[in-house]
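This briefing introduces a structure for a reader who has not met it before. It treats the packing of helices, the relation of the chains and a sheet in turn.

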Number of protein chains: 2
Amino acid sequence: VNELDFIAALRGLPLHPGAGGLDDDCALIEFGGETLVLTHDMIVEGVHYVPGDDPFNVAWRLIATNLSDLAAKGAEPIGVLVGASLIGRMPRFVEGLRAVLEEYRVPLLGGDTVSGDKGASFGCTAIGRGTCRPVPRRSGALPGDRIVLAGTIGAACLGYQAVENGVDAPDVVPAFLRPVPLLAEGRLLAPHAHAMMDVSDGLLLDAARMARASGVTLALDSAALAPAIARSDALSPLDWQEAASWGDDYALLAALPPEVDCSALPGRVIGSVMSAGDAPLLVDGEAPEGTLGYEHR
Amino acid sequence: VNELDFIAALRGLPLHPGAGGLDDDCALIEFGGETLVLTHDMIVEGVHYVPGDDPFNVAWRLIATNLSDLAAKGAEPIGVLVGASLIGRMPRFVEGLRAVLEEYRVPLLGGDTVSGDKGASFGCTAIGRGTCRPVPRRSGALPGDRIVLAGTIGAACLGYQAVENGVDAPDVVPAFLRPVPLLAEGRLLAPHAHAMMDVSDGLLLDAARMARASGVTLALDSAALAPAIARSDALSPLDWQEAASWGDDYALLAALPPEVDCSALPGRVIGSVMSAGDAPLLVDGEAPEGTLGYEHR
């Protein structure tokens, strides 16, 4: 059983209406006249990181990636629940938790700890308050919308290259080790967005997902994308194919109706939405070839 | 680092006011004029179950134990988020999820899946709506309160004995394999309770925890407890020490003010609350000796 089969099986279970058919990173619950936004992500040793990685960064990534899901809904974080299996070097994990919670002013709500002796695993549930109605899903893009990317892509790719090759590249390594959830950008974009999601598995792959969820085609322009590609003084520049097919960047991808003045909002216009064509995604008018991003097995 | 050290370190992090100092199984958030109740528990292979166990029961236990935490707050479940690392036999896990979600009419809200190759681990975040104000914590017991136990203790112990020894004991094995969250009982007790918690690690241990959290002493009466001890036609009866120091029963323990008519509520009176004495817990007037329950390492 692979992940996609498993998720397909989960879709056959009794789902909450706010689960969005399990097609979105967040669940939305109407509660007491407000919208509650919930997301849960796991980090597992050997899958998302290697045993030698600094637990500080594991904790940071655990919280930051969940906050990025809230950012993609324009939600204001309320708090996080954390589950952790204890394997050693936990003081360093707690230091990372403190750093990321203080950085984004998000309090700990609770959680669970387990003394395991196998590979470590961690879970985070982040809870937020929707700041607009409706809260944008990844499925609402409409033909004629403009596609906006807030944040950069490729920094995690360059950061990974630097770490793997022992290159000193302080301009990109932090983005790889300690991703930044674009909470402020998300709150500014959300009230205007027909659709929004974070770019966690690669821009091309995530753009194709938004297109499929919305029943449209996304047409991107590589020249418009170029300024959004991260650079490092210490490493060779990435071409758009590399930058747009690598994950872990946590930019935000939004579909905005044409009447919105994008110049007053974060990000840059990198394309537009068309009626569904043969391919969910076009770049410079052609369906991109090869791997689009990080596919879950 | 053991679990208690780790939790102590977590208490030093920025906590949400609703985290209750991490002394409670649930976080409480005032949201939109209502109280949101949240809990997160993990289940890890090799800690909470052995690799050969039926994944159906692992899924059931994952959800049921989280719902039991909601039951202890008198909360009405809204839904669950589930994190799962995939190891094999996932169709059986999904069957168990379906069974427990349908049994308690709780919808799936979302979650995360990971294709791991080490020990399996699972997380569940259950979200509920408080049905009374204030929602009872484990810390509110007052001298003069009566202690009520809803549900039975010892069934999981007998069920474990039966499974380990290959004894056919259909009167207790289901309680061990597929615990029952006492949601209806919790909702009836919560509006009257000064304090409430579920008994997951053993009655004596959990009663001592309620006493410490409340700054009181709980005085239990073994004769009053006797009718709450589960029996099996196929196994020797348990004495109160055995039944009250074994976990996994998921009974509810509540402290009710003396003016409440307990005869109209679920459960039975098994003791009373006194001002804090030398020991947090007395049974028949003496501090119980030996292991009180399942202590986390």
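In this predicted model, helix H3 (residues 90-103) of chain A packs with helix H1 (residues 3-11) of chain B at an angle of about 20 degrees, and their axes lie 10 Å apart. An angle under 35 degrees counts as roughly parallel, and H3(A) and H1(B) are therefore roughly parallel to each other.

**Helix contact between the chains**
- The crossing in which H3(A) passes H1(B) is right-handed.
- From H3(A), the residues A:Met90, A:Phe93, A:Val94 and A:Leu97 meet B:Phe6, B:Ala9 and B:Leu10 of H1(B).
- Seven nonpolar residues take part in this contact of H3(A) with H1(B), with no polar and no charged residues.

**Relation of the two chains**
- A turn of 180 degrees, with a shift of 0.0 Å along the axis, lays chain B on chain A with an RMSD of 0.0 Å.
- This is the relation of a two-fold axis.
- The C-alpha of B:Gly32 is the one in chain B nearest the axis, 2.0 Å from it.
- Of the interface residues of chain B, 100% are also interface residues in chain A, so the copies meet through the same surface.

**A sheet in chain A**
- Six strands form an open sheet in the order E7-E9-E6-E10-E8-E11 (chain A), with mixed pairing.
- Strand E7 (195-199) and strand E11 (281-283) of chain A are the edge strands, each pairing on one side only.
- From one strand to the next, the twist averages 25 degrees.
- E7(A) and strand E9 (residues 251-256) of chain A run antiparallel and are joined by five bridges.
- Opposite A:Met196 stands A:Ala254 in E9(A).
- Helix H2 (residues 55-71) of chain A packs on the sheet and touches E7 and E9 of chain A; the direction of H2 makes about 165 degrees with that of E7(A).

Definitions and conventions: Residues numbered from 1 in each chain as written. Chains lettered and ligands numbered in written order. Predicted model: local features only at pLDDT ≥ 70, side-chain atom pairs only at ≥ 80, totals over all residues. Heavy atoms only, no water. Least-squares fit on C-alpha atoms with pLDDT ≥ 70 in both. Contact = heavy atoms within 4.5 Å. Axes fitted to C-alpha atoms, helices over the stretch in contact; angles between N-to-C directions. Helix = DSSP H or I, 4+ residues; strand = E, 2+ residues; numbered from the N terminus. Parallel < 35°, antiparallel > 145°, perpendicular 65-115°, else oblique. Left-handed = near helix turned anticlockwise from the far one by under 90°. Nonpolar A, V, L, I, M, F, W, Y, C, P; charged D, E, K, R; others polar. Pairing = 2+ DSSP bridges.
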